[in-house]
Amino acid sequence: MRTAKMAKLWAVIAAAVVAVAGCSNSASPSASVPAGSAPAASAPASAAAEKVTVNFPYLWSGPEGAALEKVISTFNSSQTSITVKGVSSPDFQKQLASMSGSNGFDISDNFGSTVGSWASKGILEPLDDYMKADGFDTSAFVPTALQSNQYQGKTYALPIAVHTLLLMYNKKSFSDAGISGPPTTMSELQADIVKLTKVTSGNITQLGMRSPDYITLAYAFGGKWYDDQGNPTPDDPGNLAALHFWVDNVVKKYGADAIKKFESGYGEYASAQNPFYTGKVAMTLDGEWQPVFIKQYAPNLDWGVVAIPYPDNQQNLAGATQLTSSMFFIPKNAPHKQEAWKFLSYLTGPDAMKEFSRALGNLPARTSLLGDPVYADLPQFNVWLDSLKSPNLRIFASLPSSAAYQKDLGDEFQLIANLQDTPEAGMAKVKAKAPSYSQ
C-alpha cells in the first residue's frame, strides 16, 4: 500500500487519526486455520446457503485493488463457510465513521501508524486471543513490523507488507560527475551532493539530492523521536544533526528560494516525469516499490540503490532506516469477528503475503519470505529486502500522540527548510507542544 498514491494520502490519514480523539469509546467498516494456508472445506454442500459474508472495504484501488481481489477470490474458492465481499473504498473518513457506529464492516486495512490512536479509543479488536487459539506464530514476522502494529503490549493489527527508504542514485549522473560509486558515509554524501548539483545563472538545473524524509534521515544520524517512556524527543541530538546536515550543506549553500523554485518544476511522482527519472535529481531516499515504477515509467534508467550513509566514524549506525507497515485490522464493532479473523490470518499467511507483496513490489512482513525467489525478477529489490535484517531498523512509535506530533514536525520541517527557523528553535517549538498531545 506504500506507493505514491497512498503516500499522498498520509495527510488525510493523519487528520483521521487526530479526529478519532473526539470519538466516543463506542465501537465502530469458527474453525482455526494454519497461518497462510487455505482453509479446508468442512461444511456440507447443503450448508452453502448458510455462508457468512465478511464485508471487506479496502483502501487500495487500481492494480493494487486488483491484486487484492485475486487473493480474496482464492480464499473464497478454498472453503465453504465464508464469502468475503471486497470493495475498493479509499475514503479514510468513511472508514473511521463506520468504526464509530453501532455496526460496521468486518475487516479493513490502513497503516500501522494508526494503531496507537485507534486502540487507545477502543475501536480496534485485540487479536491476541485469536492468535493464541489458532496457534498463530507471530515469531515468523519481522519483529519491527509486528511492533508497529502493537499498543501497550497487545496486538491490534497484522502487517501484510512493510516499507523502507534507501538511497537511490542515478548511475549516469554519477559517471558524468566523475564519481566512481555511491556514498557510504555522510561526508561522502555531502561531497557528492556538491558534485552533482548544477547551477546556471543562479538557477538550479540539477539537484544532487532530493529533499529527504527528515524523520528517516534522523535515524541515520542515530536520532530518535520518542524516548523509552513514549515521550516525544524532537530535540534529540541525532535529530538536530540530521536537520543541520541538510540545512547547512544544501539549503544555505544553494538558497531556500532557489530550491523551492527548482522543486516547483518537478513532474508527477508516479509518472515518467518523476525528477529522479528525468535526471533532475541525482539521488533520492525512496522505497521498495520503485523497481516496479521504474519498469513502468523509466525502463531505460540506469540506477542503483544502497543503504543510507552513516555519520563518519559511526559504522554502528550503518543500515539505519525507518520501517512503515500496511496492515489489516478488525474493528471492535465488526459483526463477524471470528470469520474476519479467519480471513485475516489467511491474508497475512505466507502464501497470500507473497502473492500480494510481489504484485505490488512491496516488502513482505515475514522473515521467511525475505529470500524467496518470487522477488528475484525485481531489479535490486534484494537491497530493500536486506534492509529488514538491519539492527538499526526503526519505527516511529504508534501512539495516541503520533498524528499530532507528526503534523507539528512536518510544519516545522517546512519552516526549517525555508530558513525561517533554525533546527534548534523549530524542534524546541515542537517540544513545547508535546504536553498537549493526547496520551
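Author: Before we start: in this predicted model, a residue is called buried when its relative accessible area is under 20%.

Reader: Okay, so is Ser-401 buried or exposed?

Author: Let's place the residue first: Ser-401 sits in the loop between strand E13 (393-394) and helix H18 (402-417). Its relative accessible area is just 1%. The cut-off is under 20%, so Ser-401 counts as buried.

Reader: Which side chain does the side chain of Ser-401 make a polar contact with?

Author: A polar contact needs a pair of N or O atoms within 3.5 Å. For Ser-401 the distance is 3.0 Å, and the partner is the side chain of Tyr-226.

Reader: What about aromatic rings? How many aromatic pairs are there?

Author: Two rings pair if their centres lie within 6.5 Å. Going by that rule, the count is 25 aromatic pairs.

Reader: Is the pair Tyr-169 and Phe-174 stacked, edge-to-face or tilted?

Author: A pair of rings is described by the distance of the centres and the angle of the planes. For Tyr-169 and Phe-174, the centres are 5.0 Å apart and the planes sit at 55°. Under 30 degrees would be stacked and over 60 edge-to-face, so this pair is tilted.

Reader: And are Tyr-169 and Phe-174 buried or exposed?

Author: Take them one by one: Tyr-169 is buried. Phe-174 goes the same way, so for both residues the word is buried.

Reader: How many residues apart are Tyr-214 and Phe-413?

Author: These two form another tilted aromatic pair, 5.1 Å centre to centre with 50° between the planes. Tyr-214 belongs to helix H10 (residues 214-220) and Phe-413 to helix H18. The pair links distant parts of the chain, with a separation of 199 residues.

Reader: Are Tyr-214 and Phe-413 buried or exposed?

Author: Tyr-214 has 12% relative accessibility, while Phe-413 has 8%. Each value is under 20%, so Tyr-214 and Phe-413 both count as buried.

Reader: Why is helix H15 described as largely enclosed by the rest of the structure?

Author: Helix H15 covers residues 337-347. Among its buried residues are Trp-341, Phe-343 and Tyr-346, and Phe-343 and Tyr-346 also belong to a cluster linked by ring pairs, together with Phe-56, Tyr-58, Trp-60, Phe-75, Phe-328 and Phe-356. The helix is called largely enclosed because its buried residues number nine of the 11.

Reader: Zooming out, what share of the protein's residues is buried?

Author: The protein has 19 helices and 13 strands, and it exposes about 17400 Å². Of its 439 residues, the buried share is 55%.

Notes:
Residues are numbered from 1 along each chain as its sequence is written. This is a predicted model: local features need pLDDT of at least 70, side-chain atom pairs count only at pLDDT 80 or more; totals for chains, interfaces and linings use all residues. Side-chain values use heavy atoms; hydrogens and water are left out. Helices (H or I, at least four residues) and strands (E, at least two) are DSSP runs, numbered from the N terminus. Buried means under 20% relative accessible area, exposed over 50%, partly exposed in between (1.4 Å probe, protein chains only). A polar contact is a pair of N or O atoms within 3.5 Å; within protein, one must be able to donate a hydrogen and the other to accept it, and residues adjacent in sequence count only if both atoms are side-chain atoms. Rings of Phe, Tyr and Trp (its six-membered ring) pair if their centres lie within 6.5 Å; planes under 30 degrees apart count as stacked, over 60 as edge-to-face and the rest as tilted. Accessible areas come from the Shrake-Rupley method with a 1.4 Å probe; for residues, only the protein chains shown count as cover.
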